[in-house]
Amino acid sequence: MATTTQARTAQTPVPPRLIFGRWRFWLFMVGLIVIMTGLLFGYDQGVISGALQFIAKTFHLSTTLQEVVTSWVTLGALFGALLAGVLADRVGRQKTMLIGGVLFAVGALGESLAPGTWTLVVSRFVIGFGVGIASVAGPLYAAEMAPSSNRGRYVSSYQLAVTIGILLADIADAVLSPGGHWRIMLGLSIVPGVLLLVVALFMPDTPRWYLAVGRRSAARDTLAKVVGGPDLDGRLDTMQAEVSAAKSVKWKDVLAPSLRRAMWVGVGLAVFQQVTGINAVIYYSDEIFKSVGFTTPHEQTIATIISVGCVNVLATLIAIAWIDKFGRKPLLYAGLTGMTVALVAMAICSGVLGHHPTSGHGPSTAGIVTLIGMIVFIASFAFSLGPVVWTLISEIFPNRIRGKAMAVATAFNWAFCFIVSASFLSIVNAIGLGTTFGLFAVLCVIAFFWVRAKVPETKGKSLEQIQQAWAEHDKHRQESRKPEYAAD
Ligand code: BGC
């Protein structure tokens, strides 16, 4: 025993390979992978709005089929996310990303060459599968690879890439729309898919997954070259203790009482990210621009690129800079407050705009306030609920069940993304735009107090320390519930 310990401490750490004299090469590659998974998610989320009108013309699509073409990606993503939960544990995190990349590239090729409606619809579903798989595997890989001190930053890069993907899609739509080149718009999404494949092919799996399948030396090599630092074996022992329970984890285990609180937090965050209205506001942005005087579709597209696309990207950088410094919860409090104020302003102004439309007479004060409200809303989401939700979902579950539990939370995110997008217009028709924004504002307030009461702060803790904190919390609760006489 003493010999092993001596041998362990005697091992001198290998100096890290640096690039640009600054970044650890392998950590940089982890960042790149996460960026690729986010890019394909974002590009695909954004591109269809510009392509749809041309696709509808080419294939003479009914309204229902247009809805199918738009929404089946989300449906595919829901199932893809669940499948990723199984794949990530069985074949590993890295191979799961490869599978996501292949499906995405095949689907993108299929939709851009589609000879008819059904090839298009099936390809959209396949792309959705790829996006769903990548949306679980990317953040999971980042969270398990990154050092605790920077983990928030790494997972938030995923959200940054989502926003860059949406912006690039908006730009592609603007450039290719005049010629009606919808096949190129959709076909361009092959690029992030193939890039993901190329980068993921050369990457190792995560130390935690290697430990789970009994490959300690691979785990050690990966930890040494990606994270480095002292006492590698001590850290591996701590991970191993957590991971050992991983064998034969079943889906029903995500409902185990010991996991219940983490599961509620993960699902709650995923649902609140969608029901507070981000995709509805992005979707409605063209109408908002129309109401403040951007009358032609071209003007509206440029306004969308600048005030939705760019603001979304830039504000996400705030999260990257601050998430590991100030923590996850302060960002959520600030973001949800900004979103609530903006929604209330938009709710009031859209009532005014409804009675005094401005088309043709230049922007009104209510129109301008609505526009500012929209920018504040998007910026507030972009530095809070956007990146923080993906970060927390990838941190709060124990190693043994992380893949499946993240898959369930992510599937809820996709399901509510689908529900909100599909029902937004009907809700607006039924209760009016002002009341709909008001409803989103109320949901933001509920989210604020729920975060305060239920969500743990994970800043600076290792994934194993986060688990200990849950266990201690549960122990305290059980003890405080015990009847007085039990203490004697
Ligand atoms: C959400 C997407 C949303 C995007 C906007 C992501 O975190 O999951 O539904 O469209 O942020 O930037």
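Reader: By class, how many nonpolar, polar and charged residues does the shell around the ligand have?

Author: In this predicted model, the shell around the ligand can be sorted by residue class. No charged residues belong to the shell, and 4 of its residues are nonpolar. The remaining class is the polar one, with 9 residues.

Reader: Which of the 13 residues around the ligand come nearest?

Author: A residue is counted here if one of its heavy atoms lies within 4 Å of the ligand. Of the 13 residues around the ligand, the nearest are Q45, Q159, Q273, Q274 and N279.

Reader: What distance separates an oxygen atom of the ligand from an N or O atom in the side chain of N279?

Author: A pair of N or O atoms counts as a polar contact within 3.5 Å. Q274 places a polar side-chain atom 2.9 Å from an oxygen atom of the ligand, and N312 places one at 3.0 Å from a ligand oxygen. For the side chain of N279, the distance from an N or O atom to a ligand oxygen is 2.6 Å.

Reader: How much of the area that the ligand exposes when taken alone does the protein bury?

Author: Taken alone, the ligand exposes 310 Å². The ligand sits in the largest cavity. Of the area exposed by the ligand alone, the protein buries 99%.

Reader: Which helix gives the most to the shell around the ligand?

Author: The elements that give two or more residues to this shell are helix 2 (25-59), helix 6 (151-176), helix 12 (260-275) and helix 17 (385-395). The largest contribution to the shell is 3 residues, and it comes from helix 6.

Reader: Is I278 buried or exposed?

Author: I278 is located in helix 13 (residues 278-291). Its C-alpha atom lies 7.4 Å from that of F381, although the two residues are 103 apart in sequence. Because the relative accessibility of I278 is 4%, and the limit for this class is under 20%, I278 counts as buried.

Reader: Where is H60 found, and does H60 count as buried or exposed?

Author: H60 is found in the loop between helix 2 and helix 3 (63-90). Phi of H60 is near 50 degrees, a positive value in a residue other than glycine. Since its relative accessibility is 72%, and the cut-off is over 50%, H60 counts as exposed.

Reader: What is the separation of the C-alpha atoms of G110 and I127?

Author: G110 belongs to helix 4 (residues 93-113), and at 21% relative accessibility G110 counts as partly exposed. Along the chain, G110 and I127 are 17 residues apart. In space, their C-alpha atoms are separated by 9.2 Å.

Methods
Residues numbered from 1 in each chain as written. Predicted model: local features only at pLDDT ≥ 70, side-chain atom pairs only at ≥ 80, totals over all residues. Heavy atoms only, no water. Polar contact = N/O pair within 3.5 Å; in protein donor to acceptor, adjacent residues only side chain to side chain. Areas by Shrake-Rupley, 256 points an atom, 1.4 Å probe, with all protein chains shown as cover. 1 Å grid on protein atoms, 1.4 Å probe; cavity = no way out; pocket = protein on both sides within 12 Å on 5 of 7 lines; lining within 4 Å. Sits in = over half its atoms within 2 Å of the grid points. Helix = DSSP H or I, 4+ residues; strand = E, 2+ residues; numbered from the N terminus. Nonpolar A, V, L, I, M, F, W, Y, C, P; charged D, E, K, R; others polar. Buried < 20%, exposed > 50% of the residue type's maximum accessible area, 1.4 Å probe, protein only.
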